[in-house]
Amino acid sequence: MKTQFHFNPKGPFNLSLTINSGQTSQPPWKEDNHHFQELVIVDGAPCLVKIGHEDSDPENRVNIMAESPETVSEKAIKTKVQDIFGLEHDLDQLYTFLGEDPKLKPTIAFCRGLRIFKAHNPFECIISSISSANCSILRWTRSVNDIKRRWGDGYRFSSGDFYTFPSPTVLARAPEHDLEEMQRCEDNLPLDFVFDKNLQACGVGYRAKYIINASRMVQSELNLEKLARMKYKRAFDTILQLPGVGPKVADCILLYGLGMGEAFPVDVWIKRIIEHLYFPGEELKPQEVREFGMERYGDWAGYVQLYLFHYARKSGLLESLKKK
DNA sequence: TTCCAGGCCCATA
DNA sequence: TATGGGCCTGGA
């Protein structure tokens, strides 16, 4: 099955910026001639979704192409794409909100069209968010791609091979390190056999334990559909129980994985930016910054966090805030 | 070579 | 209940 259609987002939409902004929902989609593609499960069917702007102009409507070994309705694909790229979010309304706060107004010019890049698979977002803790974007995205290649289901398309993210059940059984992988193997392997189908070989380091145990919890007691239906506060407390999930990672999961826009993930940078803008000369605790952001920005908190960080990065503010 | 990154866990008060 | 050291790994 192959299909192709157009789509008009609500307000500006910068696809490339959205995909490459380091949001922990998933690694960037594969880029190919101004289009981005990824294997997404739509209505239970594996579907290669390819998306790009007409004439590669961020202000133009988007082209969507989809390909699947099964039959998938155009409507289902459209709904999924809308959900992933937050195309139903009214950015003009966001810009009105940002424009009312002199501290936030400058972010608009730097981030126009940037949207929440939501997970197409919430479990993948949990694992990538855990992997991102104390770790660079480059490193955690590579780890997630390594995990997909090793344990995901592979599909071959004309534009290349793509993999699903493995299920919690599969990941819960993955070996933590090469020693464990070795112990589980049969002893008639070739002498030069490389033990790399284990989590530490994916570069996740000490987070391997967290990933395995979090996967176990998701396959047993923590129901992700229930979590998605919870109110923010309860969902936050629930997700905190996963190993490797503290306040920052929990908010990333709720924002990028489940689309809870009132989450305000506070990392060291957001902390420094908020202190610089609103509390010059003072030092706040991360928890205080989180409360400040949630109180002040309400339902736009997630977007404000996203915009502040990218504004700071592009404007040079981030560089000047590096600790002395 | 050495240091530390877009935090979390756990031992100590 | 609050604080600080240690942690995998790999780029700078």
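Trainee: By class, how many nonpolar, polar and charged residues does the surface near DNA strand B have?

Mentor: Start with the terms. A residue is near a strand if one of its heavy atoms lies within 4 Å of it. Ala, Val, Leu, Ile, Met, Phe, Trp, Tyr, Cys and Pro count as nonpolar, Asp, Glu, Lys and Arg as charged, and the others, Gly among them, as polar. Here the surface near DNA strand B has 12 nonpolar, five polar and four charged residues. This is a predicted model, in which local features need pLDDT of at least 70 and side-chain atom pairs count only at pLDDT 80 or more, while totals for chains, interfaces and linings use all residues; side-chain values use heavy atoms, with hydrogens and water left out. Residues are numbered from 1 along each chain as its sequence is written, chains are lettered from A and ligands numbered from 1 in the order in which they are written.

Trainee: Which residues around DNA strand B come nearest, and which element gives the most to the surface?

Mentor: I137, Y206, G244, G246 and W269 come nearest, out of 21 residues around DNA strand B. Elements are DSSP runs numbered from the N terminus: helices (H or I, at least four residues) and strands (E, at least two). At least two residues each come from α12 (247–257), α13 (268–278) and α15 (301–315), and α12 gives the most, with three residues.

Trainee: What lies 2.8 Å from a polar backbone atom of G246?

Mentor: A polar contact is a pair of N or O atoms within 3.5 Å; within protein, one must be able to donate a hydrogen and the other to accept it, and residues adjacent in sequence count only if both atoms are side-chain atoms. For G246, the partner is a phosphate oxygen of DNA strand B. Phosphate oxygens of DNA strand B also lie 3.4 Å from a polar backbone atom of K248 and 3.1 Å from a side-chain N or O atom of W269. Of the strand B atoms within 4 Å of the protein, 65% belong to sugar or phosphate and the rest to bases.

Trainee: Which residues surround DNA strand C?

Mentor: They are N134, R139, R142, G205, Y206, R207 and K285. Sugar and phosphate make up 63% of the strand C atoms that come within 4 Å of the protein. A polar side-chain atom of R142 is 2.5 Å from a phosphate oxygen of DNA strand C, whereas a polar side-chain atom of R207 is 2.9 Å from a base oxygen of that strand.

Trainee: How is empty space read, and which residues lie nearest the centre of the largest pocket?

Mentor: Rolling a probe the size of a water molecule over the atoms shows where empty space is left. On a 1 Å grid over the protein atoms alone, a cavity is a set of points where a 1.4 Å probe fits but cannot get out, and a pocket is an open set with protein on both sides within 12 Å along at least five of seven lines; lining residues have an atom within 4 Å of a point. S132, C135, K248, D267 and W269 lie nearest the centre of the largest pocket, which is lined by 24 residues. Its lining takes five residues, the largest share, from α15.

Trainee: Which residues line the largest cavity?

Mentor: P122, I126, L224, L227, I253 and L258 line the largest cavity. By class, that lining has six nonpolar, no polar and no charged residues.
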